Amino acid sequence: MNPKKLSIVIPVYNGAATIGLLVDKLESEFLGQMPLEVVLVNDGSPRDNSAEVCTAIARQKPWVVFVDLSRNFGEHNAVMAGLNHCSGDRAVIMDDDFQNLPEEVHKLLDELDKGHDVVFSKYASKKHHPLRNLGSRFNNRVASVMLDKPRDLYMSSFKVINRFVIDEVIKYDGPYPYIDGLILRVTRRYGTVEVQHNDRAQGESNYTLRKLVSLWLNMFVNFSILPLRVVALAGFLFAALGLLGVAYAVYIKFTEPDLPLGWTSIVAAFLLVSSVQLISIGVLGEYLGRLFMKTNLLPQFVVRSTLNVQRPGNNDHE
């Protein structure tokens, strides 16, 4: 038996129809091979009885930890809640919809044992909606700039991290976590492994355009000051263009004094400068607003109840 305890953190959102089958599959795949802990985090599921289903599972299986959040906080917040309540030497993060097969976890663990701190999965083909895939590619490219992420690294939600990274990540107590950004702040010792990506077993994706934009903003604002530098650069650029415009207007006035100034050019310049100012104010407002929310103690998550919570290092459930 592998002595290292494995925690599998699963954020559950309207997953009542699949979570029981997923836990049974994880049980048959890992229980008996290594100390096992499955952490189910109900993220305020509004459309089904996920909380009741997860509670029943945890009461039947003492190695299943259940964390019930008081409302919907979002996937990354739910994962943070799971990491705060897991006790394993490594933690696999996976979805509740069978798009990632439980048997593929072995590939992540084998790669982690080669000395990595984190192992991300990658896919030859993703079974998401085309718009979701487009958003993921955009998010991945922006991350390369904002987080100094290696361009060849695809940051997927299906991954495994060791205890060192878990302990460092959960030190973050801000209300807007971005898991991959927190991981990359800790380590660059990463690995990747190709796994299969399946269609959802049931239902539709819970990711809406609003959630994708919110996730992008978390990365864009919370983990980089690059937006502020872009705004400052834009200010210098338009100041230079303004000086050139003034110099050109003075030149025209002296060379062609009878030529009237154009209202179109004046209005266009005014609208352009005004739009830059409004964008700059918006970016600054986003930073200040998030800082205000943090200092105002906006919670990262609120736990209503728990079952079977273990302390790190406790390997009783085998």
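Guide: Two residues are in contact when heavy atoms of theirs lie within 4.5 Å. The model discussed here is predicted.

Visitor: Among contacts between residues at least 6 apart in sequence, what percentage join residues at least 24 apart?

Guide: The protein has 318 residues, and its secondary structure comes to 10 helices and eight strands. Counting contacts between residues at least 6 apart in sequence, the part that joins residues at least 24 apart is 85%.

Visitor: What percentage of the residues in the protein is buried?

Guide: The cut-off for buried is under 20% relative accessible area. The protein exposes about 16,600 Å², with carbon and sulfur atoms supplying 60% of that area. Of the 318 residues, the buried part is 46%.

Visitor: Which element gives the largest share of the largest nonpolar core?

Guide: The largest nonpolar core has 35 residues, and Ile8, Ile10, Ile19, Phe30, Val38 and Leu40 have the most contacts inside it. Several elements supply at least two residues each, among them strand S1 (6–12), helix H1 (16–30) and strand S2 (36–42). The largest share, six residues, comes from H1.

Visitor: How many residues does the second, separate core have?

Guide: Met155, Tyr178, Ile179 and Phe301 are included in this second core. It is separate from the other one, and its residues number 30.

Visitor: Which residues does Ile10 touch, not counting those up to four places away in sequence?

Guide: Ile10 is one of the residues with the most contacts inside the largest nonpolar core. Beyond four places in sequence, the residues touched by Ile10 are Ile19, Leu22, Leu26, Val38, Val39, Leu40, Val41, Met94, Asp95 and Asp96.

Visitor: How many residues of helix H3 are buried?

Guide: H3 covers residues 75–84 and has 10 residues in total. The buried ones are His76, Asn77, Ala78, Val79, Met80, Ala81, Gly82 and Leu83. The helix is therefore mostly covered, given a cut-off of under 20% relative accessible area for buried, and the number of buried residues is eight.

Visitor: What distance separates the C-alpha atoms of Val303 and Leu69?

Guide: Val303 lies in strand S8 (residues 303–307). Leaving aside neighbours within four places in sequence, Val303 is in contact with Val67, Asp68, Leu69 and His85. Val303 and Leu69 are 234 residues apart along the chain, yet their C-alpha atoms are separated by 4.4 Å.

Visitor: Is Val303 buried, exposed or partly exposed?

Guide: Buried needs a relative accessible area under 20% and exposed one over 50%. Val303 has 28%, so the class of this residue is partly exposed.

Visitor: What kind of aromatic pair do Tyr123 and Tyr154 form?

Guide: The count comes to one aromatic pair. Its rings are 6.3 Å apart, centre to centre, with 70 degrees between the planes. Planes over 60 degrees apart meet the cut-off, so the pair of Tyr123 and Tyr154 is edge-to-face.

Visitor: How many residues apart are Tyr123 and Tyr154?

Guide: Tyr123, buried at a relative accessible area of 15%, is in strand S5. Tyr154 is in the loop between helix H5 (130–146) and strand S6 (159–162). The pair links distant parts of the chain, and the separation in residues is 31.

Visitor: Which residue forms a salt bridge with Lys5?

Guide: The structure holds 11 salt bridges. Lys5 is buried at 0% relative accessibility, and its partner is buried too, at 1%. Lys5 lies in the segment before S1 and the partner in strand S2, so the bridge ties together parts that are 32 residues apart in sequence. The N to O distance is 4.0 Å, and the partner is Glu37.

Visitor: How far apart are the closest N and O atoms of Lys4 and Asp113?

Guide: Lys4 lies in the segment before S1 and Asp113 in the loop between H4 and S5, 109 residues apart. Lys4 is partly exposed at 40% relative accessible area, and Asp113 is partly exposed at 43%. The two form a salt bridge, and the closest N and O atoms are separated by 3.9 Å.

Visitor: Is Lys114 buried or exposed?

Guide: Lys114 forms a salt bridge with Glu111, the closest N and O atoms being 3.2 Å apart. Glu111 counts as buried at 15% relative accessibility. Lys114 has 62%, so this residue counts as exposed.

Visitor: Which residues make the nonpolar surface patch of about 300 Å²?

Guide: One member lies in helix H9 (residues 226–255) and counts as partly exposed at 48% relative accessibility. The residues of the patch are Leu237, Leu241 and Leu244.

Notes:
Residues are numbered from 1 along each chain as its sequence is written. This is a predicted model: local features need pLDDT of at least 70, side-chain atom pairs count only at pLDDT 80 or more; totals for chains, interfaces and linings use all residues. Side-chain values use heavy atoms; hydrogens and water are left out. Buried means under 20% relative accessible area, exposed over 50%, partly exposed in between (1.4 Å probe, protein chains only). Helices (H or I, at least four residues) and strands (E, at least two) are DSSP runs, numbered from the N terminus. Patches are made of residues with over 30% relative accessible area and no salt bridge: like charges are joined within 9 Å, nonpolar side chains (Val, Leu, Ile, Met, Phe, Trp, Tyr) within 5 Å. Accessible areas come from the Shrake-Rupley method with a 1.4 Å probe; for residues, only the protein chains shown count as cover. A salt bridge is a side-chain nitrogen of Lys or Arg within 4 Å of a carboxyl oxygen of Asp or Glu. A nonpolar core is a set of buried Ala, Val, Leu, Ile, Met, Phe, Trp, Tyr and Cys residues joined through side-chain atoms within 4.5 Å. Rings of Phe, Tyr and Trp (its six-membered ring) pair if their centres lie within 6.5 Å; planes under 30 degrees apart count as stacked, over 60 as edge-to-face and the rest as tilted.
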